[in-house]
Amino acid sequence: MFGRVHGSDWNHSRTMLTDYPGTDIVEISIFGPGKGESIVAHLGADNWVIVDSCVDQSDGTLPALRYLESIGVDASRAVKMIVATHAHDDHIAGISRLFDACKSAFFVCSQAVTSEEFLSVIEVDREIESLLRKSSHSEYRSVFDMVELRGRSELGIKPLKRALEGLEILAVRSDSGPNARVVALSPSHEAVTRSQRLLARGLAHAGSRRKLSSADPNEFAIALWVEVENMAILLGADLLKGPAGCGWQAVLATFNPELQASLFKISHHGAPNAHHDGVWEKLLIESPVAILAPYRAGRTPRPAPSDRTRICTLTPHAHICASPDKTAQSRAVNKAAASMSQLARNVREPWGKPGQVRARAKIGSDSWTVDMIPPARRLCN
């Protein structure tokens, strides 16, 4: 059975991991918070997938690309797929730059679209554009422009897929390496219908709205099921429990895998509205390796103390790529705040330096080795 963890807490003398995984090694790395979170997955035989994007706020670089370069991976060739799980800045910041660098990758986004995604593929007037979340709209617009520029394959297929429950979005079949596949567990068909209804309502009343869509992109997030030979991994994105017919409720009603996952990227930074007991009971082995990134920009930082207690009750093998507590302000932020005087009462730096949690397992083995780069740490004492 998978799930036993070898390895130690971070080594303070190490600032970067530089060892290539090898053909027979499966790897899941999570980076964050920076601004956002990003997952880099090795499916064996130099086949890589990147899920979401993270920007290092100190220098503007993309930790996912920086890491791949440090271990000798040519991202322009080896990255086969980039997934934008949903239209929130803490998951797609910098994703157009990521797609631009990964020339051989195709792009995956949700079939249940928000206004920002839907209106990125057409020209819209300034009145409607002013109602959109500018950063999300800009990222998707840049990606879809690149999709058009890359053109079609010999079979007439563009490098763009839309995820839907039960859809296999990547299959790796090889005589010289492991077989692997990635299946989208969400959004559900109900979520797609819900997104269309909300989009139509928003466009119908655009002239009287401050924002175009009231949809929560987390409802439409893409959770992923990854299989490499006899191993399974569950990447939960920010998928919520519901509403009815959506989220984890829909996944558990429709998905019946033969395997149970030994590694789980916990949904929505450990928030209670994304926790479902059925996920742990049906889709995961007992005490799996769990990884997550914190979210510190909201009113309640996640995972909150109660979230940490819940997670650590379910598995002692939980790791987080940075502290969930708000960080001390940097000198640059303090200096900017001082210059703004009374306007700076609420100025803060919620993201902080991104850390890395990396889990590796040999295909056919029964244990994961976990390495961490500061400020990553174990979640459970």
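Start by selecting alanine 237, which you'll find in the loop between β13 (231–235) and α9 (247–254). Keep in mind as you click around that this is a predicted model. Alanine 237 has a phi near 50°, a positive value in a residue that isn't glycine. Why is alanine 237 called buried? Its relative accessible area is 6%, and the cut-off for buried is under 20%.

Now hop to histidine 268, in the loop between β14 (261–265) and α10 (277–283). Here too phi is positive, about 50°, although histidine 268 is not a glycine. With a relative accessible area of 16%, histidine 268 counts as buried. For background, most residues other than glycine have a negative phi, and most peptide bonds are trans.

**Two cis peptide bonds**

That brings us to the backbone around two prolines. Select glycine 32 and proline 33: the peptide bond from one to the other is cis, with omega near 0°. Proline 33 sits in the loop between β2 and β3 (35–36). Next, go to arginine 302 and proline 303, where the peptide bond is cis as well, again with omega near 0°. Proline 303 belongs to the loop between β15 and α11.

**Down the axis of α11**

Follow the chain on into helix α11, residues 305–314. Which residues of α11 are buried? Colour Asp307, Arg308, Arg310 and Ile311: those are the ones. Turn the view until you look down the axis of α11; the buried residues fall within an arc of 165°, so they line one face of the helix. In general, an α-helix has 3.6 residues a turn, so residues three or four places apart point the same way. On the other side of α11, pick out Pro305, Ser306, Thr309 and Thr313, which are exposed. To see what covers the buried residues, show β15 (284–292), β16 (318–320) and β19 (377–378), which are among the elements that do so.

**The cysteines**

Stay with α11 and select cysteine 312. How many disulfides does the structure hold? There is 1, and it joins cysteine 312 to cysteine 380, with 2.1 Å from S to S. This disulfide links distant parts of the chain: cysteine 312 is in helix α11, while cysteine 380 is in the segment after β19, 68 residues apart. Zoom in on the S-S bond and you'll find a torsion of about -95°, so the disulfide is left-handed. The two ends aren't equally covered: cysteine 312 is partly exposed at 24% relative accessibility, whereas cysteine 380 is buried, at 10% relative accessible area.

Next, select cysteine 54 and cysteine 321. Why is there no bond from cysteine 321 to cysteine 54? The sulfur of cysteine 54 is the closest cysteine sulfur to that of cysteine 321, but at 7.6 Å it is too far for a bond. Both cysteines are away from the surface: cysteine 54 is buried, with a relative accessible area of 2%, and cysteine 321 is buried too, at 0%.

**Rings and charges**

Time for some side chains with rings. The structure holds 5 aromatic pairs. One of them is phenylalanine 31 with tyrosine 67, a tilted pair with 5.7 Å centre to centre and 55° between the planes. Phenylalanine 31 is in strand β2 (residues 25–32) and tyrosine 67 is in helix α1 (residues 63–70), so select both elements to see distant parts of the chain linked, 36 residues apart. Phenylalanine 31 and tyrosine 67 are both buried.

Then look for charges over rings. The charged end of arginine 150 sits over the ring of phenylalanine 99, 3.9 Å from its centre. For another, show lysine 161: its charged end sits over the ring of phenylalanine 106, 4.4 Å from the centre.

Now select tyrosine 140 in helix α7 (residues 134–150). Tyrosine 140 is buried, with a relative accessible area of 1%. Add cysteine 109: the two are 31 residues apart in sequence and 9.5 Å apart in space, C-alpha to C-alpha.

**Last stop: confidence**

Finish by colouring the model by pLDDT. The mean for the protein is 85, and 80% of its residues reach 70 or more. Over residues 7–13 the pLDDT is below 50, and this stretch has 15 contacts in the model beyond near neighbours in sequence. Residues 121–132 also stay under 50, with 20 contacts beyond four places in sequence. Where pLDDT is low, the predicted coordinates should not be read in detail.

Note on methods:
Residues are numbered from 1 along each chain as its sequence is written. Side-chain values use heavy atoms; hydrogens and water are left out. Buried means under 20% relative accessible area, exposed over 50%, partly exposed in between (1.4 Å probe, protein chains only). Helices (H or I, at least four residues) and strands (E, at least two) are DSSP runs, numbered from the N terminus. The arc is that of the directions from the helix axis to the C-beta atoms. Contact means heavy atoms within 4.5 Å. A disulfide is a pair of cysteine sulfur atoms within 2.5 Å. Rings of Phe, Tyr and Trp (its six-membered ring) pair if their centres lie within 6.5 Å; planes under 30 degrees apart count as stacked, over 60 as edge-to-face and the rest as tilted. A charge sits over a ring if NZ of Lys or CZ of Arg is within 6 Å of the ring centre and within 35 degrees of the ring normal. pLDDT is the predictor's confidence in each residue, from 0 to 100.
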